[in-house]
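The following exercises concern the architecture and packing of one molecular structure. Each task is followed by a solution that proceeds step by step.

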2 protein chains.
Amino acid sequence: MAGRAWPYPWPDSGDGHGRLDRAEIVRAALELLDADGVEQFSTRKLAARLGIKSPSLYWHVKGKEELFALVIDHVVGQCALPSRHSGWRQQLDVIGHGLRRAIIEHPATPQLLLGRPMFGPNGLRLADHVIGALREHGFTDKLASYGYIVFLNYVVGFASQETAFGKGTGQAGRLDQVKSFLAALPPEQYPDLTAVTGELLLGQFTHRFALGLDAILDRFERERDKAATVRSP
Amino acid sequence: MAGRAWPYPWPDSGDGHGRLDRAEIVRAALELLDADGVEQFSTRKLAARLGIKSPSLYWHVKGKEELFALVIDHVVGQCALPSRHSGWRQQLDVIGHGLRRAIIEHPATPQLLLGRPMFGPNGLRLADHVIGALREHGFTDKLASYGYIVFLNYVVGFASQETAFGKGTGQAGRLDQVKSFLAALPPEQYPDLTAVTGELLLGQFTHRFALGLDAILDRFERERDKAATVRSP
DNA sequence: ACATCCCCCTATCGTCGATAGGCGGAAACT
DNA sequence: AGTTTCCGCCTATCGACGATAGGGGGATGT
């Protein structure tokens, strides 16, 4: 039943003395989340997968909530931060695409990201990087903070909604479900929606994402320049 | 214990013969969700609030999942759709702001919206309206479907992230928690983030929302015109 | 040799979503 | 009127969940 039954002396994964460490637990939790979805996840299944009994988890991790926070930050950490020497726009572009990719590679994470600010080390580092990139290129503190919020909202929000459409949501049949549901809609009631259902599910999500992201960065730039000319005309 | 203990003949709320109907259940569920958050919600508490025992709910509603779907669509339905005679841009603006307001007035809804497409009647009507507004004003089917996805992602995503920052998340102390957490960050490690924390939590979210939304609509317009000139130069 | 601490165990609690099956009363039918 | 049907609730119960309490065994340091 447990995906991994081992003889008692554990192969020892990492730091050297413990059989388990938080990193391994987080990794297993993420695998389980990706496979079954956040709804089906349970600490008991996670324990079984790790080859231990559920209460033992509580020695390593305070509880489910802390575990989820660790998982989130692990995923956010998979988004590599670009060099600070490139332009702000390129930096935000790289971060945006990287973060989106990290999220949609783990379809359960949107539900975890929701309702909790990204306050793990990696999330904070990312925030600092984005805000820094803006401030270093002429954005006021106010505009930089606006920018960060809008930027992050867009990226996380888009990726979240994207997974809702089943682009690989653990359950492989999800996209087909959506497809057939839309195909069954009465055209006389939803004429415009039904007219474009083909386009809706066919296109490149990456392209749409880039479109909106570029639009937002464009506006950032314009706002920055407007503020600058107001201050020094 | 039950918020509403009643003598057996129920005051009769609505359609006339049943003591309870789905509308009343949905309304009570939403109240409970807003008060306690989605994590603390349970069908048993909902039943208690309605003055019945938990299994009785299953006569009215198939299960928790269906209940949540009904709640979502109820919230989406609180976003009034504008007249189709106004311009597409104004229509999307009205819908965007209306939908955001509906969502953030019920802080639990983002967690419900996540992972489920808005496929209730109100959600479909909204989708049809948005896509229709675009198609009626020179957008190709492809661009209209792109636009709908990006638009919806932005609105829902923004509102979702917004509630994560505790702008009234049931627990009133949430915003203060975030505030004090950010205030305690080491400036040498996160120099740019800590430099703008004041701005981060102070500003008008509505303004930031409008900023990004306008940016996206701007880009829509430009893409539409570009496609049009390509086709008929 | 002994004490200590790490890391996992068993036992158990209260709560959850959901199902099975019963029962009274109102409505509908004859 | 008497009978039947069905609505709308009930009690009893299930298995799974998150979490805590407290025990024990093996490695480590002195």
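**Exercise 1. The surroundings of one loop residue**

Task: determine which residues H106(B) touches, not counting residues up to four places away in sequence.

Solution. Step 1: beyond that sequence window, H106(B) touches L30(B), D34(B) and V75(B), where two residues are in contact if their C-beta atoms, placed from the backbone, lie within 7 Å. Step 2: one of these partners, V75(B), is 31 residues from H106(B) along the chain, and the two C-alpha atoms are separated by 7.8 Å. Step 3: H106(B) belongs to the loop between α5 (88-104) and α6 (109-113) of chain B; helices (H or I, at least four residues) and strands (E, at least two) are DSSP runs, numbered from the N terminus. Step 4: H106(B) counts as buried because it has 20 C-beta neighbours inside 10 Å. The scale calls a residue buried if 20 or more other C-beta atoms lie within 10 Å of its own, exposed if 12 or fewer, and partly exposed in between, with C-beta atoms placed from the backbone.

The model is predicted: local features need pLDDT of at least 70 and side-chain atom pairs count only at pLDDT 80 or more, whereas totals for chains, interfaces and linings use all residues. Residues are numbered from 1 along each chain as its sequence is written, and chains are lettered from A and ligands numbered from 1 in the order in which they are written.

**Exercise 2. The make-up of chain A**

Task: state how many helices and strands chain A has, and what percentage of its residues is buried.

Solution. Step 1: chain A has 12 helices and 0 strands. Step 2: its pattern along the sequence is accordingly written α-α-α-α-α-α-α-α-α-α-α-α. Step 3: of the 233 residues in chain A, 40% are buried. Step 4: taking contacts in chain A between residues at least 6 apart in sequence, 66% join residues at least 24 apart.

**Exercise 3. Two helix pairs**

Task: describe how α7(B) packs on α8(B), and how α1(A) crosses α2(A).

Solution. Step 1: two packed helices are described by the angle between their axes and the distance between the axes. Axes are lines fitted to C-alpha atoms, for helices over the stretch in contact, and angles run from 0 to 180 degrees between N-to-C directions.

Step 2: helix α7 (residues 121-135) and helix α8 (residues 141-164) of chain B pack at about 135°, their axes being 9 Å apart. That angle makes α7(B) oblique to α8(B); angles under 35 degrees count as roughly parallel, over 145 as roughly antiparallel, 65 to 115 as roughly perpendicular and the rest as oblique.

Step 3: the crossing of α7(B) past α8(B) is right-handed. A crossing is left-handed if the near helix is turned anticlockwise from the far one by less than a right angle, and right-handed if clockwise.

Step 4: from α7(B), the residues A127(B), V130(B), I131(B), L134(B) and R135(B) meet D141(B), A144(B), S145(B), G147(B), Y148(B) and F151(B) of α8(B). By class, this contact has 7 nonpolar, 2 polar and 2 charged residues. Here Ala, Val, Leu, Ile, Met, Phe, Trp, Tyr, Cys and Pro count as nonpolar, Asp, Glu, Lys and Arg as charged, and the others, Gly among them, as polar.

Step 5: in chain A, the axes of α1 (residues 22-36) and α2 (residues 43-50) come within 10 Å and cross at roughly 115°, and the crossing is right-handed. I25(A), A28(A), A29(A) and L32(A) of α1(A) meet K45(A), L46(A), R49(A) and L50(A) of α2(A). The residues of this contact divide into 6 nonpolar, no polar and 2 charged.

**Exercise 4. The relation between the chains**

Task: identify the operation that lays chain A on chain B, and state which helix gives the largest share of the side of chain A that touches chain B.

Solution. Step 1: a turn of 180° with a shift of 0.0 Å along the axis lays chain A on chain B with an RMSD of 0.0 Å. That is the relation of a two-fold axis; copies are superposed by least squares on the C-alpha atoms of residues with pLDDT of at least 70 in both. Step 2: in chain A, G157(A) has the C-alpha nearest the axis, 1.8 Å from it. Step 3: 48 residues of chain A are in contact with 48 residues of chain B. The largest share of the side of chain A, 17 residues, comes from α8(A). By class, that side has 27 nonpolar, 11 polar and 10 charged residues.
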